[in-house]
Amino acid sequence: MSILKVRLYGDPALRKKAAPVKDIGDNEKKLFEDMAQTMYAANGVGLAATQVGVDKQLIVVDVGSGLLKLANPKIVHASCKKMGEEGCLSFPEVTVKIKRPEKIKIGALNHNGQAVNIEAEGLSARALQHEMDHLDGVVIIDKIGIRQRLGIAGKLRKIKKGGNFNG
Ligand code: ZN
């Protein structure tokens, strides 16, 4: 296993739309493992493949109740929305408030390539939706209003300035 480089705000990789995977082969299994290790090393609760520069629809999430490794996740049901705090490994030290459905049902492939349905709520539902956004090239600053955006403008500038977007 290896720790991958997490792309930061400003990196064009974060804006790519990930393609669905046909099945879970050795490459996908290795990527799941590396993504999980990268997420744990950074003390994150989720990571999407686009964040490590791979445009495949793969995400890992662990909010403390076990590791989920999912491919091609799609929301099949969503409840009413609730506001909650969110951070992102691609936006170090940035926290924003985002309104999202509190409970969701997802259809996906698991790490063995089997079709699964997952019901999630609270932090787990939030983390899953956050990672699914990444697969569409959507990041947290796309989900906030101008007031919050102004509040984090200095931090965003700092991340962009310190970024290394060669890889
Ligand atoms: Zn993120």
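Trainee: Does D133 count as buried or exposed?

Mentor: This is a predicted model, in which local features need pLDDT of at least 70 and side-chain atom pairs count only at pLDDT 80 or more, while totals for chains, interfaces and linings use all residues. Residues are numbered from 1 along each chain as its sequence is written, and side-chain values use heavy atoms, with hydrogens and water left out. A residue is called buried under 20% relative accessible area, exposed over 50% and partly exposed in between, with a 1.4 Å probe and protein chains only. D133 has a relative accessibility of 13%, so D133 counts as buried.

Trainee: Which residue forms a salt bridge with D133?

Mentor: A salt bridge here is a side-chain nitrogen of Lys or Arg within 4 Å of a carboxyl oxygen of Asp or Glu. For D133, the closest N and O atoms of such a pair are 3.4 Å apart, and the partner is K143. Because D133 lies in helix α2 and K143 in the loop between α2 and α3, the pair ties together parts that are 10 residues apart in sequence. Salt bridges that share partners also join E86, R100, R126 and D133 into one network with K143.

Trainee: How many residues of α2 are buried?

Mentor: Helices (H or I, at least four residues) and strands (E, at least two) are taken as DSSP runs, numbered from the N terminus. Among the buried residues of α2 are R126, H130, D133 and H134. The helix is mostly covered, the buried count among its 13 residues being 12.

Trainee: How far apart are the end C-alpha atoms of α2?

Mentor: The expected span of a helix is 1.5 Å times one less than its number of residues. For the 13 residues of α2 that gives 18 Å, which agrees with an end-to-end C-alpha distance of 19 Å.

Trainee: Which residues coordinate the zinc ion?

Mentor: Donors are N, O and S atoms within 2.8 Å of the metal (3.2 Å for Na, K and Ca), and because water is not among the atoms, sites may look incomplete. In sequence the donor residues follow the spacing C-x41-H-x3-H. The site links distant parts of the chain, with C88 in strand β4 (residues 81–88) and H134 in helix α2 (residues 123–135), 46 residues apart. At 2.0 to 2.2 Å, the zinc ion is coordinated by SG of C88 and by NE2 of both H130 and H134.

Trainee: What is the relative accessible area of H134?

Mentor: Another zinc donor, C88, is buried with a relative accessible area of 10%. H134 is buried as well, and its relative accessible area is 1%.

Trainee: How many disulfides does the count come to?

Mentor: A disulfide would be a pair of cysteine sulfur atoms within 2.5 Å. By this rule the number of disulfides comes to zero.

Trainee: Which residue forms a salt bridge with R15?

Mentor: The closest N and O atoms of R15 and its partner, D142, are 2.6 Å apart. The pair links distant parts of the chain, 127 residues apart, with R15 in the segment before α1 (26–41) and D142 in the loop between α2 and α3 (146–151). R15 is partly exposed, with a relative accessible area of 42%, and at 37% relative accessibility the same term, partly exposed, applies to D142.

Trainee: How many salt bridges does the structure hold?

Mentor: One of the salt bridges pairs E102 with K82, whose closest N and O atoms are 3.6 Å apart. Here E102 sits in the loop between β5 (91–101) and β6 (103–109), while K82 sits in strand β4, 20 residues apart. For the structure, the number of salt bridges is 10.
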